[in-house]
Amino acid sequence: MALPSPTGNWIGVVLFVLIAVAGLTLFGMRAGELITLLVKARREDRTDHVDDRIGQFFLVVLGQSGVLRDPIPGIAHFFTFWGFIIIQFGLLNLMLRAFNVSLPFFGDNHGFAVALDAFIIFVTIALVVFAFRRAVIRPKQLSSFLHGPWDGFIILGLILAILVTLALVEIFDYAASDGASWSLFGAWFGPSVSGLGTDTNLILFRIFWFIHILIFFGFLVYLPRSKHLHLMATPFNVFFSSYAPKGALPLMENLEEREDYGVSKPEQFTWKQLLDGYACTECGRCNTVCPATNTGKPLFPKEIILGVKEALFVQSNQILGENTLWSGLGVAGVKADETAREKEAHHEPMVGGIITNDALWACTTCRACMEICPVSIEHVPTIVDMRRHLVMEESDFPTEVTSLFNNIERNFNPWEISNDTRAQWAAGLDIPLMSENPDADVLYWVGCMGSFDQRNKKVATAVAKILKAANVNFAILGPEEWCTGDPARRIGNEYLWQMMAQQNIETLDSYGFNRTDAHNGLNGHAAGNGVAGVASKHRTILTACPHCFNTIKNEYPQLGGDYEVVHHTVFIDRLLTDEKITLPEDFDERKLTYHDPCYIGRYNDVYDEPRRVLTVLNTNGITEMRRNRNKSFCCGGGGGRAWMEEKIGKRVNQTRVNEALETGAEVLAAACPFCITMFDDGIKGVEAEDKMQIEDISEIVAQAIEAQQEQESSARI
Ligand code: SF4
Ligand code: SF4
């Protein structure tokens, strides 16, 4: 038996064509507007690493690996995503029936028909889970200042309506065709409606077919105007995610000749930063891990991304030109529901209005938000771009940062201390300067904290002891070492970072550390240091500071400085593996926990080495904190926050110290001078000095080496 026509006659076909053309036109206009906004944004090349991008697309988009990290909504999302794709084929097939054709393979395939109906059931269950979560559980992370809750319910309702009408179409199609148009729902429920008669079933089939088509095109028109725009944008956002080193902020080129410094208007962002806004699913996972959000600061990473999108849409008519086709037809900014905050946003600038300065200054650049985001959104560069505008265009930054900038610029370190005294911590330790030992295999980059901060000088001393115990041929730069510029860059002072970086690169290149041949033209040494003629070889820069490590390793290449840089935890682990040092096993009997610093952990994936070193030394191994490894909670000192006062909410360092105390550990092992400073302060803040002490891994190792040496010398006696 021939399958019944859903349109009946040419009038039905014309009606269908009109609905389809109207839906596709309205959809296309909005899509055109959205794409044009991206085209007009700042350019950025994201076409490298094509193989990796395709792999990531399969894993994150088709495999839904990002959302599946959160099992219940993740599984529901998985079925919705795949259901959506499979239902599209069913839908296309149904539409083609208007012209008496069907899709090859899918058209008359019982296997596909079963899969289609199975997904109708799965997606319906998923919708119930989503609705229950939104209406009953109401996790705080799902709400937004810039959107009311209705948008989500409208989308859930539209998807449900598509599913229900599809099932009804199948049932009456089956009954009207006497089972010729086979489907699972048809076979289950068709016989029970066949008593209505073929004519009635045919009419009902056509009515539900038109309703189904109308709802589908309504959904298509509404989708790109709603928060569910992410359904269209996410695959692209994942595909175009960054393959630059995670720790590298984008370089601001041509500093002397630029017209703008940083971003104050949405159109100054790159197209990828704007695409981030389109792709945000508003899941709020980033809020749940943000140390600022969690300690009561006015920073919600999700709202930063949505704020940029909001500012873009508010400005879209101006960006596109008032007289464009889009704005003329009023398709920009159609919203399901508008919150009071969103209405205010129409009259506010992006930076300092929709996105407050306090929110921007609260960020520790810990990268927890980027790590957890299921759709590869890049919050930190966006925040730093807006900080750059505040610092370099407005001179509007926390007052306490002024002295930091001045000191770095004048003294090449964050304090009012002459850089000539940089090597004083090493007095009496018999540590050569690079100018005295230009052949050194290892340059120990001490960093400002290790050089000048009383507490961290002890760490510098411990590192030097380890290097000596391992007979490493090393030297330090002393006054030739300048601040790497990391805090300045993260606060937004790109100019100062570049100034510091260029000088340090010149110094490092002059000693032949650059791996790039072009920089080793003088066989490893440039004129100016009184050294010459040392054969070029790859040598290592070692540092105990994750911030120095990250910026030299990942950011100095932007200015031509390409070095082998190793964090001291990795270096010590290598010394142990190569048996350059031997440590008394189970030397440390104290209960110990370890804090992953953001700038070696999340930014550089150094998780195992510090743990291996500590495990060798400690009888009990490591008692992990609730949040560890890539989920570690920031100490509060990154992103220049160590140099700013914390006036709002709870203190981040105390929050983390309390987590460490929950483990019952006596020692909080650290691997970053900023973490040590923040935690020393945090321990005092929670009055736990008698319960826990902070020690750098190098200090624990140095103690073990000393104990070993003592044992050996007493054995000799
Ligand atoms: S980088 Fe860290 S502090 Fe900044 S927004 Fe992301 S999670 Fe929050
Ligand atoms: S930025 Fe990412 S993690 Fe945050 S709400 Fe959007 S999709 Fe979720």
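**Close-up views of a predicted model**

**View 1. An open sheet of four parallel strands.** Four strands pair in parallel to make an open sheet, in the order 2-1-3-4. Strands here are DSSP runs (E, at least two residues) and helices are DSSP runs too (H or I, at least four residues), both numbered from the N terminus; two strands pair if DSSP finds at least two bridges between them. At the edges sit strand 2 (474–475) and strand 4 (564–567), each pairing on one side only. Strand 1 (residues 442–445) and strand 3 (residues 540–543) run parallel and are joined by four bridges. One to look for is valine 442, whose bridge partner in strand 3 is threonine 540. This is a predicted model, where local features need pLDDT of at least 70 and side-chain atom pairs count only at pLDDT 80 or more, while totals for chains, interfaces and linings use all residues. Residues are numbered from 1 along each chain as its sequence is written, and chains are lettered from A and ligands numbered from 1 in the order in which they are written.

**View 2. Helices against the sheet.** Helix 23 (residues 546–555) lies across strand 1, strand 3 and strand 4, and runs at about 160° to strand 4. Helix 24 (residues 568–577) also packs on the sheet: it touches strand 3 and strand 4, with its direction at about 85° to that of strand 4. Contact means C-beta atoms, placed from the backbone, within 7 Å. Axes are lines fitted to C-alpha atoms, for helices over the stretch in contact, and angles run from 0 to 180 degrees between N-to-C directions.

**View 3. The shell around ligand 1.** Ligand 1 has 15 residues around it, and the closest are Cys290, Pro301, Cys363, Cys366 and Cys369. A residue counts as near a molecule if its C-beta atom, placed from the backbone, lies within 6 Å of it. Helix 11 (291–294), helix 16 (368–372) and helix 17 (379–393) each put at least two residues into this shell. By class, the shell has eleven nonpolar, three polar and one charged residues; Ala, Val, Leu, Ile, Met, Phe, Trp, Tyr, Cys and Pro count as nonpolar, Asp, Glu, Lys and Arg as charged, and the others, Gly among them, as polar.

**View 4. The shell around ligand 2.** Of the 15 residues around ligand 2, the nearest are Cys280, Cys283, Cys286, Lys302 and Cys373. Helix 10 (285–289) and helix 12 (301–320) each supply at least two residues of the shell, and helix 12 gives the most, with three. The class tally around ligand 2 is ten nonpolar, two polar and three charged residues.

**View 5. Phenylalanine 633, a buried loop residue.** Find phenylalanine 633 in the loop between helix 25 (608–617) and helix 26 (652–662). It counts as buried because 24 other C-beta atoms lie within 10 Å; the cut-offs are 20 or more for buried, 12 or fewer for exposed, and partly exposed in between, with C-beta atoms placed from the backbone. Setting aside neighbours within four places in sequence, phenylalanine 633 is in contact with Pro291, Arg627, Arg656 and Glu659. Phenylalanine 633 and cysteine 290 are 343 residues apart in sequence, yet 8.1 Å apart in space, C-alpha to C-alpha.

**View 6. Valine 21, an exposed helix residue.** Valine 21 belongs to helix 1 (residues 10–39). With 11 C-beta neighbours inside 10 Å, valine 21 counts as exposed. From valine 21 to asparagine 514 is 61 Å, C-alpha to C-alpha, with their positions 493 residues apart in sequence.

Methods
Contact = placed C-beta atoms within 7 Å.
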